[in-house]
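Hi there,

Here is the structure I promised to pass on. Have a look at it first, and then read my notes below.

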Amino acid sequence: MRESDIELYDKIVSKDTDSLETLYDRYESLLYSFIYKITQDKQSSEEVLQDVFMKIWNQKAKFDSSKGKMSTWLITISRNLAIDYIRKRKTTSYEYDEERDNIKTDNVPESELITKEEAEQIKGCIDELDAKQQSIVYLFYFKGFNHKEISKTLEIPLGTVKSRLRLSIQHLKHKLKINKKGERK
């Protein structure tokens, strides 16, 4: 019988290396693809992925099942570490990649199907934004740029960046709320 993520995590807290390996095998493909979309570099993505699991092993990140699913927690850790990695490298180049959404999902465990579905809903909502808003959302959430970096990169005023991001987030929240209720446009 397959152990749940929470059972694996509890064993990892007790320093069970086999459980860490099992959790790694379960999420490696998904997290690597996600991290790669942020770093755009194979070696960096591998380093960040390793850092994610080292952080878990060393108890520098603690999972609380009452706050959400393990997969969401792992993706959040991955996103934060990937953004930190990029900031350390001081990467400021910007290339908007139309293929950014083609995350490979081969070998994604069954427990990730809901997460993939949610990701598709979010992607669909982002696609409904105008191109200017999409660029800002992409830079802020997937590249880890701050408001000033976005302003400089896109050569638009800082206030414009902030207002477009705020409006984009409001639009996304509204669309996601509608999608959760099962309503359509």
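Let me begin with the pair at the start of the chain: the axes of H1 and H2 come within 8 Å and cross at roughly 140°. H1 and H2 therefore count as oblique to each other, since an oblique label still applies at this angle and only angles over 145 degrees count as roughly antiparallel. The crossing of H1 past H2 is left-handed. On the H1 side, the contact is made by Asp5, Leu8, Lys11 and Ile12, and on the H2 side by Ser19, Leu20, Thr22, Leu23, Arg26 and Tyr27. Sorted by type, the residues of this H1 and H2 contact come out as five nonpolar, two polar and three charged.

Before going on, a word of caution and some background. What you are looking at is a predicted model. The protein has eight helices and zero strands, so you can expect a plain α-α-α-α-α-α-α-α when you read along the sequence. There are 185 residues in the protein, and buried ones make up 37% of them. If you take the contacts with a separation of 6 or more, 66% of them are between residues 24 or more positions apart.

Next, scroll along to H3 (residues 42–57) and H4 (residues 70–89). These two helices pack at an angle of about 130°, and their axes are 9 Å apart. H3 and H4 are therefore oblique to each other as well, and their crossing is right-handed. From H3, the residues Ser44, Glu47, Val48, Asp51, Val52, Lys55 and Ile56 take part; they meet Trp73, Leu74, Ile77, Ser78, Leu81, Ala82, Tyr85 and Arg89 of H4. That contact of H3 with H4 divides into nine nonpolar, two polar and four charged residues.

Which residues touch the most other members of the largest nonpolar core? They are Val52, Phe53, Ile56, Met70, Trp73 and Leu74, out of 29 residues in that core. H1 (5–13), H2 (17–39), H3 and H4 each supply at least two residues of it, and H4 gives the most, with 10 residues. Val52 is a good one to click on: leaving aside neighbours within four places in sequence, valine 52 is in contact with Ile35, Leu74, Ile77, Ser78 and Leu81. Apart from the largest core lies another one, of 12 residues, among them Cys125, Ile126, Leu129 and Phe145.

Further along the chain there is one more helix pair to show you. The axes of H6 (residues 131–142) and H7 (residues 147–154) come within 10 Å and cross at roughly 135°, which makes H6 oblique to H7. H6 passes H7 in a right-handed crossing. Here Ser135, Ile136, Leu139 and Phe140 of H6 make the contact with His147, Ile150 and Leu154 of H7. By type, the residues in the contact of H6 with H7 are five nonpolar, two polar and no charged.

Finally, one single residue. Lysine 123 has its place in helix H5 (residues 113–127). Is lysine 123 buried, exposed or partly exposed? Its relative accessibility is 25%, so lysine 123 counts as partly exposed; the buried label would need a value under 20%. Between the C-alpha atoms of lysine 123 and leucine 172 the separation is 9.8 Å, although the two are 49 residues apart along the chain.

Cheers

Definitions and conventions:
Residues are numbered from 1 along each chain as its sequence is written. This is a predicted model: local features need pLDDT of at least 70, side-chain atom pairs count only at pLDDT 80 or more; totals for chains, interfaces and linings use all residues. Side-chain values use heavy atoms; hydrogens and water are left out. Helices (H or I, at least four residues) and strands (E, at least two) are DSSP runs, numbered from the N terminus. Buried means under 20% relative accessible area, exposed over 50%, partly exposed in between (1.4 Å probe, protein chains only). Axes are lines fitted to C-alpha atoms, for helices over the stretch in contact, and angles run from 0 to 180 degrees between N-to-C directions. Angles under 35 degrees count as roughly parallel, over 145 as roughly antiparallel, 65 to 115 as roughly perpendicular and the rest as oblique. A crossing is left-handed if the near helix is turned anticlockwise from the far one by less than a right angle, and right-handed if clockwise. Contact means heavy atoms within 4.5 Å. Ala, Val, Leu, Ile, Met, Phe, Trp, Tyr, Cys and Pro count as nonpolar, Asp, Glu, Lys and Arg as charged, and the others, Gly among them, as polar. A nonpolar core is a set of buried Ala, Val, Leu, Ile, Met, Phe, Trp, Tyr and Cys residues joined through side-chain atoms within 4.5 Å.
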